[in-house]
Amino acid sequence: MRFPSGIRPAPCEVTVMHDIWNPWHGCVKCSEGCQNCYMYFLDRLRDKDGRDIYRTKAGFSYPLRKDRKGAYLVKSGEMLRVCMTSDFFLEEADGWRDEAWQIIRSRPDVKFFLLTKRPQRVASCLPPDWGDGWENVFFNVTCENQRRAEERIPLLLSLPFRHKGVMCAPFIGPVSLGKFLADGQIEQVICGGENYDGARPCRFEWVKALREECVAARVTFCFIETGTVFYKDGKRYFLPKKQIQSEMAFKSGMSYTGKPILWRLFDPSGNPLSEEELYRPHFRENCACCGSRPICNGCSDCGSCEAKKAAAPYIPR
Ligand code: SF4
């Protein structure tokens, strides 16, 4: 199957990206943000159906995989984004989740970024030894519009997690979080417009207003990409290439670093890890203008940029 220009296969078990862990794949649409789900879109390009939900094979135990020298592929201090082609709290995955929790438990040196549109299921899906939450889990809810923010953030705030965040993506309507940021539990807000088939517009004034609320509460705000259809100063931009979207988001200067997120990570024997023992991300020339840089693990040295550059050199503008 040939992919349209600028579109890559979804990160799933056949495409392991170093900062993504997909223990299962496939999902059930549950809210407005799911309407144009990118996983469904990319599955369609492969003649697959995003409704087919399955446990991944080799991908399931990715955080435990080691290289030839016996070192973990995922380094201490790295952040893994979990279930980017599904939802960690999906009902259909109930039979697989205990094993996934066991993997998260056995890597207390790695940060696990969980994102859900199903916070109402979370309390019943936590492991028995959860207590007040594990230090290495960053729990996030999606708020694609104000309706979902009002519904999901009270649940986010009531659940026992050490680290909490909000993801306004796809950003398809104005979202005000001021009243939720006030008690200091939310440590990060990410926003980005919608992509691919039927993408709904994102407006710069929504991004700016949300950023102002985050700055007032000293909460880190990251504007990662404009989405395919973006309105700014009365002008409509059509941006099918994600690289350009990300560059525009970066150039808008909207991202903001607030209070630091304090992680307490441990080696598998339970000894605290110092900053010096943690992985330090490194970046390349073409990362300089990327909107996702503040939340990125950095380059994995996979060589794909070089291959792309050789095919069509990228010149930052
Ligand atoms: S929850 Fe996420 S992965 Fe599942 S259908 Fe909705 S957008 Fe797609």
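Two residues are in contact here if their C-beta atoms, placed from the backbone, lie within 7 Å. With that in hand, take in the whole chain: among contacts between residues at least 6 apart in sequence, 74% join residues at least 24 apart.

**Before you click**

This is a predicted model, in which local features need pLDDT of at least 70 and side-chain atom pairs count only at pLDDT 80 or more, while totals for chains, interfaces and linings use all residues. Residues are numbered from 1 along each chain as its sequence is written.

Color by secondary structure and you will have 7 helices and 12 strands to explore. Helices (H or I, at least four residues) and strands (E, at least two) are DSSP runs, numbered from the N terminus. Of the 317 residues, 39% count as buried. A residue is buried if 20 or more other C-beta atoms lie within 10 Å of its own, exposed if 12 or fewer, and partly exposed in between, with C-beta atoms placed from the backbone.

**Stop 1: the ligand**

Select the ligand, then Cys27, Lys29, Cys30, Gly33, Cys34, Cys37, Met39, Ser86, Asp87 and Lys117, which surround it. A residue is near a molecule if its C-beta atom, placed from the backbone, lies within 6 Å of it. This shell divides into 5 nonpolar, 2 polar and 3 charged residues. Ala, Val, Leu, Ile, Met, Phe, Trp, Tyr, Cys and Pro count as nonpolar, Asp, Glu, Lys and Arg as charged, and the others, Gly among them, as polar.

Met39 leads you on to helix H1, residues 38–45, where Met39, Tyr40, Leu42 and Asp43 are the buried residues. Just after H1, stop at aspartate 47, which takes a positive phi of about 60 degrees.

**Stop 2: the nonpolar core**

Next, show Phe112, Leu114, Val166, Cys168, Val189, Cys191 and Leu210 as sticks: of the 67 residues in the largest nonpolar core, these touch the most other members. Helix H5, residues 204–217, gives the most to this core, with 5 residues. Such a core is a set of buried Ala, Val, Leu, Ile, Met, Phe, Trp, Tyr and Cys residues joined through C-beta atoms within 7 Å.

Which residues does cysteine 168 contact, leaving aside its neighbours within four places in sequence? Select Cys143, Glu144, Val175, Val189, Ile190, Cys191 and Leu210.

**Stop 3: strand E8 and its partners**

Now pick strand E8, residues 186–192, where 7 of its 7 residues are buried. Strand E7, residues 163–168, runs parallel to E8 and is joined to it by 5 bridges; two strands pair if DSSP finds at least two bridges between them. Along this pairing, glycine 165 stands opposite glutamine 188 in E8. Strand E10, residues 220–225, is also parallel to E8, with 5 bridges, and its glutamate 225 is the bridge partner of glycine 192.

Follow the chain on from E7 into the loop before helix H4 (178–181), and you will find proline 170. A cis peptide bond joins alanine 169 to this proline, with omega about 0 degrees.

**Stop 4: isoleucine 224 and helix H6**

Center on isoleucine 224, in strand E10. Is isoleucine 224 buried or exposed? It is buried, because 26 other C-beta atoms lie within 10 Å. Cysteine 191 is 33 residues away in sequence, yet the two C-alpha atoms are 6.2 Å apart in space. Not counting residues up to four places away in sequence, isoleucine 224 touches Ile190, Gly192, Ser246, Ala249, Gly291 and Ser292.

Ser246 and Ala249 are among the buried residues of H6, and the buried residues of that helix pack against E10. Helix H6 (residues 242–251) has 7 of its 10 residues buried, so it is largely enclosed by the rest of the structure. Glycine 253 follows H6, with a positive phi near 70 degrees.

**Stop 5: a small detour to the open sheet**

Select E9, E11 and E12: they form an open sheet of 3 strands in the order E9-E11-E12, with mixed pairing. Strands E9 (202–203) and E12 (235–238) are the edges, each pairing on one side only. Strand E11 (residues 229–232) pairs with E12 in the antiparallel sense over 4 bridges, and lysine 232 has lysine 235 in E12 as its bridge partner.

In the loop between E11 and E12 sits aspartate 233, which has a positive phi of about 50 degrees although it is not a glycine. Aspartate 233 counts as exposed because it has 6 other C-beta atoms within 10 Å.
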